[in-house]
Every structure is written in C-alpha cells, then in structure tokens.
Amino acid sequence: MDVLSVVGLVLAVFAIIVGAILKGAGIHALLSAAAFMIVVVGTIAAICVQTSLEVMKRALMILPWVLRPPTFHPENAIKKIVEWSNISRRQGLLGLESLLQEEADPFLRKGLQLVVDGSEPDAIRSTLDVDIHAREAADTRAAKVFEGMGVYSPTLGIIGAVLGLMAVMQNLNDPAKLGHGIAAAFTATVYGIGLANLFFLPIANKLKVAVLARTHMCEMQVEGLIAIAQGENPRIIEGKLLGFLQ
C-alpha cells in the first residue's frame with residue numbers, strides 16, 4: 001500500500017470539505033446532483049469518445065497502481081544476473097538452460113532464452129527493446145486517460161456554472177432564489193477544478209512514474225543479459241548494474 005497516495009487522497013477530500021465549512025458555505029453546498037451529472041458523467045462521456053476500448057480496459061487495470069504500485073526489487077535482480085554470469089563462465093551459456101523454467105518473470109525469461117540460444121548482443125537488445133517500448137507506450141496511453149479527464153473536467157465545470165447562471169437569470173423576478181441559484185451554479189466549477197487538480201491529474205502522473213520505473217528496471221535487466229552474452233566478468237556486470245540504482 002502506497003501510504004503517500006492514501007494520505008494525499010484523504011487530505012484532498014478533507015481540504016475541500018473543511019475549506020467549504022470554514023468559508024461558511026457548508027457541506028450541503030458541495031452536494032449537487034446537477035453538477036455531478038454535468039461534470040462527472042460528462043467527463044466520463046468525453047473520455048469514452050476519446051479513448052479506444054482496449055486503452056480504457058488497460059487504464060482501469062492499472063488504476064490500482066495508485067494505491068498499490070508494482071513493486072520492483074532491483075537488488076534481487078542484480079544478484080540473480082550476477083549468479084547467472086558466474087554459471088555462464090563455469091559451464092557456458094548452455095548451463096543457463098536449466099534455469100529457464102524456474103524464472104517467473106516472462107520478460108527476463110525471454111531475455112535469458114535469447115542468451116542461451118547464443119543470440120548476438122545487438123539482436124538481444126533490439127528484441128527486448130521492442131517489448132519494453134511497446135509495453136511502455138501501452139501503459140502511457142492508459143495513464144493519459146486520467147490526464148484527459150483532468151483536462152475535460154474543468155471545462156465541464158464551467159459549462160455547469162454557465163447553465164446554472166442561465167437558470168438564475170430566468171428567476172430574476174424572485175430575489176429569494178438568486179443567492180441559492182448562484183451558489184449552486186458555482187458548485188459545478190468546484191467539482192470540475194477540484195476533480196482535475198486533486199484526483200485526475202495526480203493519478204495520471206502517479207501512473208506515469210510507475211510506468212517509467214518498470215521501464216528502468218527492464219533496461220537494467222537488458223544490460224545485464226547482454227553483459228552475460230558478451231562474457232563479461234561478473235564483478236564488472238555487478239558494478240555496471242549497480243549504477244542503475246543511483
């Protein structure tokens with residue numbers, strides 16, 4: 001569980017509610033079915049028009065990363081690669097073949113298979129780079145779904161405010177309704193700007209960080225596998241991979 005994400009989300013809700021109370025608006029001022037329909041439902045509608053079904057499914061799949069980001073253990077990966085390097089120097093590349101079925105990470109297993117097959121370093125890099133960039137591009141597109149929601153919601157908040165003011169203008173002959181009507185009109189703006197800046201945009205950036213972290217991890221693994229294929233000294237390999245932890 002990402003404690004900072006939990007704290008941030010709780011503080012976001014707390015800030016809006018307490019801020020409304022301190023300003024004298026009260027919690028009831030934040031409750032508006034009309035604003036919810038215009039801003040929340042409208043934002044979802046806009047992002048559905050923009051996004052393909054596959055990208056939307058991937059976005060929903062990686063959304064839990066905000067609270068439970070994928071965990072990486074680069075130190076363990078370095079230790080494993082150095083161990084493979086030692087085996088390779090003692091038994092040759094074919095000595096690694098028995099380890100293929102034991103490797104749980106599909107990406108690392110694919111790279112190890114390329115090494116065991118005696119592929120050239122350039123071929124190993126180009127093959128694995130395709131996997132890295134394809135997965136990074138797919139996850140980045142998914143993260144941008146929430147970024148798009150952060151772009152659309154403030155505009156829809158303004159639309160909600162304008163619609164509310166239009167309703168107020170129709171009741172100018174009844175001064176008792178003016179104050180309540182204007183307050184209700186601006187509730188949509190609070191929804192739009194608040195959701196964008198406290199939820200949608202931070203979520204998008206959090207997911208992008210997780211995507212980059214995984215890409216960095218995969219690049220480190222590629223360098224280690226290529227070093228094994230080139231027959232480099234295990235100590236040199238370890239020193240090179242430790243540089244990725246800086």
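Which residues of helix α5 (residues 106–116) are buried? They are Phe107, Leu108, Gly111, Leu112, Leu114, Val115 and Val116, where buried means under 20% relative accessible area (1.4 Å probe, protein chains only). Keep in mind that this is a predicted model, in which local features need pLDDT of at least 70, side-chain atom pairs count only at pLDDT 80 or more, and totals for chains, interfaces and linings use all residues. Residues are numbered from 1 along each chain as its sequence is written, and side-chain values use heavy atoms, with hydrogens and water left out.

**Two helices**
- Helices here are DSSP runs (H or I, at least four residues), numbered from the N terminus.
- Just after α5, Gly118 has a positive phi of about 80°.
- Helix α4 (residues 74–91) has 18 residues and spans 25 Å from first C-alpha to last, close to the expected 26 Å (1.5 Å times one less than its number of residues).
- Buried residues of α4 include Trp84, Ile81 and Ile87.
- Gly92, just after α4, takes a positive phi of about 85°.

**The largest pocket**
- A pocket is an open set of points on a 1 Å grid over the protein atoms alone where a 1.4 Å probe fits, with protein on both sides within 12 Å along at least five of seven lines; lining residues have an atom within 4 Å of a point.
- The largest pocket's volume (the space filled by probe spheres set on the points) is about 300 Å³.
- Its lining includes Val13, Ile27 and Phe199.
- α7 gives the most to this lining, with six residues.

Note on methods: Buried means under 20% relative accessible area, exposed over 50%, partly exposed in between (1.4 Å probe, protein chains only).
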